[in-house]
Amino acid sequence: MPISRATVATGNGSRYLQQLCKHWSHRFEVDFDPQQGRIKFAEGEVIELTVQPDKLDIRIEADDAARLPELNKVVEAHIARFAFRETLEFNWS
């Protein structure tokens with residue numbers, strides 16, 4: 001299964017993780033706590049978020065590698081909107 005990863009430097013990773021999970025909980029299967037979250041999209045894609053000291057780790061898994069760039073943008077846009085007070089840098093690999 002193709003995977004995309006990003007590490008985002010921030011001291012607010014737990015806040016952004018929880019906001020993203022709550023935001024999508026009405027549409028998708030979501031499980032989270034302040035340190036880690038898992039969002040399962042209807043199409044089978046999975047987003048995993050993990051808080052580390054001063055960073056947020058993001059892992060996206062999809063059946064189709066062609067979907068990863070779109071999913072990266074969607075996740076990045078949502079987190080950036082929650083983080084309007086700071087500039088975040090997403091380095092996807």
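These are my notebook entries on the sheet, the helices and the core of this structure.

I began with the basis: this is a predicted model, in which local features need pLDDT of at least 70 and side-chain atom pairs count only at pLDDT 80 or more, while totals for chains, interfaces and linings use all residues. Residues are numbered from 1 along each chain as its sequence is written, and side-chain values use heavy atoms, with hydrogens and water left out.

I looked up the sheet next, taking helices (H or I, at least four residues) and strands (E, at least two) as DSSP runs numbered from the N terminus. I found an open sheet of five antiparallel strands in the order E1-E5-E4-E3-E2, where strands pair if DSSP finds at least two bridges between them. Its edge strands are E1 and E2 (29–32), each pairing on one side only. Seven bridges join E1 to E5, and Ile 3 stands opposite Glu 61 in E5.

I then turned to helix H2 (residues 68–82), whose buried residues (under 20% relative accessible area, 1.4 Å probe, protein chains only) are Leu 68, Leu 71, Asn 72, Val 75, His 78, Ile 79 and Phe 82. They lie on the same side of H2, because they cover an arc of only 140° around the axis, taken from the directions from the helix axis to the C-beta atoms.

Last, I checked the largest nonpolar core (buried Ala, Val, Leu, Ile, Met, Phe, Trp, Tyr and Cys residues joined through side-chain atoms within 4.5 Å). Of its 24 residues, Ile 39, Ile 47, Leu 49, Ile 58 and Ile 79 touch the most other members, and H1, E4, E5 and H2 each give two or more residues to this core.

Conventions: Buried < 20%, exposed > 50% of the residue type's maximum accessible area, 1.4 Å probe, protein only.
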